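Dear colleague,

I am handing over the structure we spoke about, and I would be glad if you could read the notes below with the coordinates open beside them.

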Amino acid sequence: MSRPAIAVKGLRKSFPGAQKGDPPKVVLDGFDLTVEPGTVHALLGPNGAGKTTAVHILTTYLRPDAGQVAVAGHDVLAEPDRVRAAIGVTGQFSAVDWLLTGRENLKLMADLNHLGKAEGRRIADSLLERFDLVDAADKVSSTYSGGMKRRLDLAMTLVAKPAVVFLDEPTTGLDPRSRRTTWEFVRELVAGGTTILLTTQYLDEADELADRVSVLDDGRIVADGTGAELKRRVPGGRIEVEFADRAELDAAARALNVSAPSSLTLRLPHDGGVRSLRAVLDALDDAGVDAAGLTVKASDLDDVFFALTGHAAEPTDERTDDSTDERTDERIEKEALR
């Protein structure tokens, strides 16, 4: 059997408290992860769960406090240079130099990877074509759209043909079309044998791309499996009932004996049967409550996420660093230089 592309056992990491004298903040607490080669493995978790810290350790940017971590068969502490030579990283924030053109950015990456000039030009031309950036190749990258910038960022990650690629919140801030274009590139990479660790809060993204999903909460993996396996852990689905105003919502909540949410939509567990759906409709009818809309949904990764972490996933904003472990760039930089 081939060895895992990523193997993590008992990973621990903490940071100093926010104020002097505060106890350390534990971010990763016995984190275990195995990623098979040539697959997409999604790492899900709420803000502050430790996703970005895990990626920083796996990419040798941070040192773990304890645990065993191997990437592409190399120990991140004993062989960091070998790990770096085998990986590519597309982080939450672009590595593109906005003063350079798209072509110049790619050639810069080729130089940093010690590729010859002819080879660097060949790879740059190939990636520009592959990522549909030929027409903009010689334009300053600061003029690119958000989707173009993200495509260039991903292209720069692939200059050295890494065996393992880390995509940390790769589609945050992109429009739906650019997100789907990024998904297509991910599928192409995996078809060519590349291994991808994807961190995301977009559950549809994990459902669409991942061969396997791990859910991280409070520094530990609380579930691991295929999307289908995780969905089977949550029976049935849910009924979503929408109301026109707060009074109707409150009346419906009383009739159904549930707590009223802050929105105008009640989300009720559903076993998939007609009888339970009829019971909801009968309760609303008996209470004289009119619904503005009703939708029956099967279990999805959002249900799994809620069941495992106690809250729903929330879309990321422009800056989605884990709130605790990314408190200051200065702290991370200092540790990275140890």
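A residue is called buried here when its relative accessible area is under 20%, exposed when that area is over 50%, and partly exposed in between. By that rule glutamate 240 is buried, because its relative accessible area is 9%. Please keep in mind throughout that this is a predicted model.

As for the whole, the protein chain has 12 helices and 13 strands, and its C-alpha atoms fill a box of roughly 75 × 50 × 45 Å when that box is taken along the principal axes. Of the 338 residues in the chain, 45% count as buried. If one considers the contacts between residues at least 6 apart in sequence, 70% of them join residues at least 24 apart.

Let me return to glutamate 240 and the strands around it. Glutamate 240 forms a salt bridge with arginine 267, and the closest N and O atoms of the two are 3.4 Å apart. The pair links distant parts of the chain, since glutamate 240 lies in strand E11 (residues 237-242) and arginine 267 in strand E12 (residues 265-270), 27 residues apart. The two partners differ in how they are covered: glutamate 240 is buried at 9%, whereas arginine 267 counts as exposed because its relative accessibility is 51%. Strand E12 also holds threonine 265, which counts as buried at 15% relative accessibility. Leaving aside neighbours within four places in sequence, threonine 265 is in contact with Glu240, Val241, Glu242 and Leu249.

The salt bridges deserve a paragraph of their own. Side chains of opposite charge can pair when their charged atoms come close. With a side-chain nitrogen of Lys or Arg required to lie within 4 Å of a carboxyl oxygen of Asp or Glu, the count comes to 19 salt bridges. One of them joins arginine 12 to aspartate 29, with the closest N and O atoms 2.1 Å apart. Arginine 12 belongs to strand E1 (residues 6-15) and aspartate 29 to strand E2 (residues 25-35), so this pair ties together parts that are 17 residues apart in sequence. Arginine 12 is partly exposed, at 36% relative accessibility, and aspartate 29 is partly exposed as well, with a relative accessible area of 23%.

Which residue, besides arginine 12, does the side chain of aspartate 29 meet in a salt bridge? The partner is arginine 220, at 3.7 Å from N to O. Here too the pair links distant parts of the chain, for aspartate 29 is in strand E2 and arginine 220 in strand E10 (residues 220-225), 191 residues apart. Arginine 220 is partly exposed, with a relative accessible area of 40%. Taken together, Arg12, Asp29 and Arg220 are linked in a network of salt bridges.

I turn next to a pair of helices. Helix H9 (residues 246-256) and helix H10 (residues 274-286) pack at an angle of about 120°, and their axes are 9 Å apart. That angle makes H9 oblique to H10, and H9 passes H10 in a right-handed crossing. On the side of H9 the contact is made by Ala252, Ala255 and Leu256, and on the side of H10 by Val280, Ala283 and Leu284. The residues of this contact divide into 6 nonpolar, no polar and no charged.

Valine 289 is placed in the loop between H10 and strand E13 (293-298), and it is buried, with a relative accessible area of 8%. Not counting residues up to four places away in sequence, valine 289 touches Phe243, Glu248, Ala251, Ala252 and Leu284; of these, Ala252 and Leu284 also take part in the contact of H9 with H10. Valine 289 and phenylalanine 243 are 46 residues apart in sequence, yet their C-alpha atoms are 9.1 Å apart in space.

Finally, there is helix H1 (residues 51-58), which is mostly covered, with 8 of its 8 residues buried. These buried residues are Lys51, Thr52, Thr53, Ala54, Val55, His56, Ile57 and Leu58. H1 is followed by threonine 60, whose phi is positive, near 70°.

With best regards

Conventions: Residues are numbered from 1 along each chain as its sequence is written. This is a predicted model: local features need pLDDT of at least 70, side-chain atom pairs count only at pLDDT 80 or more; totals for chains, interfaces and linings use all residues. Side-chain values use heavy atoms; hydrogens and water are left out. Axes are lines fitted to C-alpha atoms, for helices over the stretch in contact, and angles run from 0 to 180 degrees between N-to-C directions. Helices (H or I, at least four residues) and strands (E, at least two) are DSSP runs, numbered from the N terminus. Angles under 35 degrees count as roughly parallel, over 145 as roughly antiparallel, 65 to 115 as roughly perpendicular and the rest as oblique. A crossing is left-handed if the near helix is turned anticlockwise from the far one by less than a right angle, and right-handed if clockwise. Contact means heavy atoms within 4.5 Å. Ala, Val, Leu, Ile, Met, Phe, Trp, Tyr, Cys and Pro count as nonpolar, Asp, Glu, Lys and Arg as charged, and the others, Gly among them, as polar. Buried means under 20% relative accessible area, exposed over 50%, partly exposed in between (1.4 Å probe, protein chains only).
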